[in-house]
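Hi everyone, thanks for coming. I'd like to walk you through one protein model today, starting with its pockets and working inward. Please have a look at it on the screen.

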Amino acid sequence: MTTDAQILTALRNAGHGSVSGTELSQELGISRAAIWAHIEELRGLGYDIEAGPHLGYRLLNAPDALHADDLISRLDSSTRGNRAGLAERPREPGPATQKRPARTPAPPPRIIGRDIRVFQETTSTNDVIEKLARDGVKEGVVVFAECQTRGRGRLGRKWISPPHQGLWFSVLLRPDLLPQETTQLTVASATALVRAIRLATGLKAWIKWPNDIVMGGRKVAGILTELSAELDRVKYIILGIGVNANLGAGDFPPDLRKAATSLSMEAGRAISRPELATAILSELDDDYARVSSGLFGAVADEWEASCSILGRDVVIRVGDRQIRGRAESLGEDGALLLRTDHGHLERITGGDVTLER
Ligand code: BTN
């Protein structure tokens, strides 16, 4: 962790209290003058840090900007608190008779978000991750961009990504899954997004299969999963996630205004992007752990409970083909099980869904 991240973590862990320069200097092993220089640097970035000779340092406010040090510090602070329960969750499937340890061990090490990089502008964060993947970077690295010039969505669509208004980011994963099992990760990402939105904003979002996150029938977030694989082995997966956090109606092109929304439009207030980003990374990491430990069933149950199309009559367009039927459930591999009008159960692994009137 960088010094700035360590200072932010120490200030956050003090809650509403303050931390003295001496404490910080001892904890970080640098002089009080160096601490002061870092505090000034953080203030320059927009962090409101109160300082006084007898008070020590106190974090009053953080800017709504994405800074890698800040995100890492927030994740570190949340790991100490909220994720303690994860310590009991096996990362690998363990024997059924395994005894629970007498004392709660440390939570498992985080994978998603252990390395975070923030760009002011890029073409697409998926492009940046692809390059990192080819360079052999470890899984878990997350790339955010404040703005994307060529953000892309599913089925070759454009994804609008205006500066400082949303979360546009991608995650590199190297899962031990077969190529046909990787839909599980898209499903897990959708459940993680719904939980994180709830935790950070109090809003209830729904999943529209395969991977749209919707509110009031309008899309608020989307997931673009890109895969590099051999016949029987996944080389890497890029999970690209776009969340319309603080966009206003006028930020969407006219043709999208009926179909798209943002969290701030739904909540009627601005959303803290760093807080939301941290919640999403934390929930994604939890669900990645669940899928990696063979616990996809639990994720699928949660997905079904938040799915807006189950039990509904739908039309699915797959290329030029249209399939009509009732959305029944989610298959073990993450495919949608559709009861067609002819009574057959079809496994649908991709396509565009609309509700039948
Ligand atoms: C969709 O619903 O069509 C998927 C949208 C995915 C958008 C995100 S934004 C971050 C990442 N970079 C991209 O170019 N696309 C994904």
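Let's begin with the largest pocket. Its lining is made of 44 residues, and those nearest its centre are R157, K158, W159, D212 and K219. Several elements give two or more residues each to that lining: helix 5 (125–134), strand 5, strand 7, strand 8 (218–230), strand 9 (233–243), strand 10 (313–318) and strand 14 (352–355). Strand 8 contributes the most, with four residues. The volume of this pocket comes to about 880 Å³. If you sort the lining by class, you get 18 nonpolar, 16 polar and ten charged residues.

Before I go further, please keep in mind that this is a predicted model.

So how is the protein divided? There are three domains: domain 1 (3–63), domain 2 (115–306) and domain 3 (313–355). The centres of domain 1 and domain 3, taken over C-alpha atoms, are 54 Å apart.

Now, where does the largest pocket lie relative to these domains? It lies between domain 2 and domain 3, because both of them give residues to its lining.

The second largest pocket has a volume of about 350 Å³. It is lined by 17 residues, and T183, T186, N211, T225 and T349 are the ones nearest its centre. Strand 8 turns up again here, with four residues, the largest share of this lining. Helix 6 and strand 8 each supply at least two residues. By class, the lining of the second largest pocket has six nonpolar, nine polar and two charged residues. Domain 2 and domain 3 both contribute to this lining, so the second largest pocket also lies between them.

Let's move inside. The largest nonpolar core has 63 residues, and F144, F169, I213, L276 and L284 have the most contacts within it. Helix 6 (residues 183–201) gives the most to this core, with ten residues. At least three residues come from each of domain 2 and domain 3.

Take F169 as an example. Leaving aside its neighbours within four places in sequence, F169 is in contact with ten residues you can find on the screen: T125, V142, V143, F144, L239, G240, I241, I280, L281 and L284. There is also a second, separate core of 14 residues, which includes I7, V19, L28 and L59.

Is there any empty space enclosed in here, and how would we look for it? Rolling a probe the size of a water molecule over the atoms shows where empty space is left. A search of the whole structure finds one cavity of 30 Å³ or more, and its volume is about 40 Å³. Its lining consists of I112, L173, L185, A188, S189, L239, L284, D287 and Y288. Helix 6 and helix 8 (273–292) each supply at least two of those residues. Seven residues of the lining are nonpolar, one is polar and one is charged.

Finally, some backbone details. Most residues other than glycine have a negative phi, and most peptide bonds are trans. With that in mind, look at the bond from W209 to P210, which is cis, with omega near 5°. P210 sits in the loop between strand 6 (206–208) and strand 7 (212–215).

L155 has a positive phi, near 55°, and H164 has one of about 65°. L155 is in the loop between strand 4 (141–145) and strand 5 (167–173), and H164 lies in the loop between strand 4 and strand 5 too. Is L155 buried or exposed? Its relative accessibility is 55%, so L155 counts as exposed. H164, at 42%, is partly exposed.

Thanks for listening!

Note on methods
Residues numbered from 1 in each chain as written. Predicted model: local features only at pLDDT ≥ 70, side-chain atom pairs only at ≥ 80, totals over all residues. Heavy atoms only, no water. Domains from an automatic or database assignment. Core = buried A, V, L, I, M, F, W, Y, C linked by side-chain atoms within 4.5 Å. Buried < 20%, exposed > 50% of the residue type's maximum accessible area, 1.4 Å probe, protein only. Contact = heavy atoms within 4.5 Å. 1 Å grid on protein atoms, 1.4 Å probe; cavity = no way out; pocket = protein on both sides within 12 Å on 5 of 7 lines; lining within 4 Å. Points joined across faces, edges and corners; volume = space filled by probe spheres on them. Nonpolar A, V, L, I, M, F, W, Y, C, P; charged D, E, K, R; others polar.
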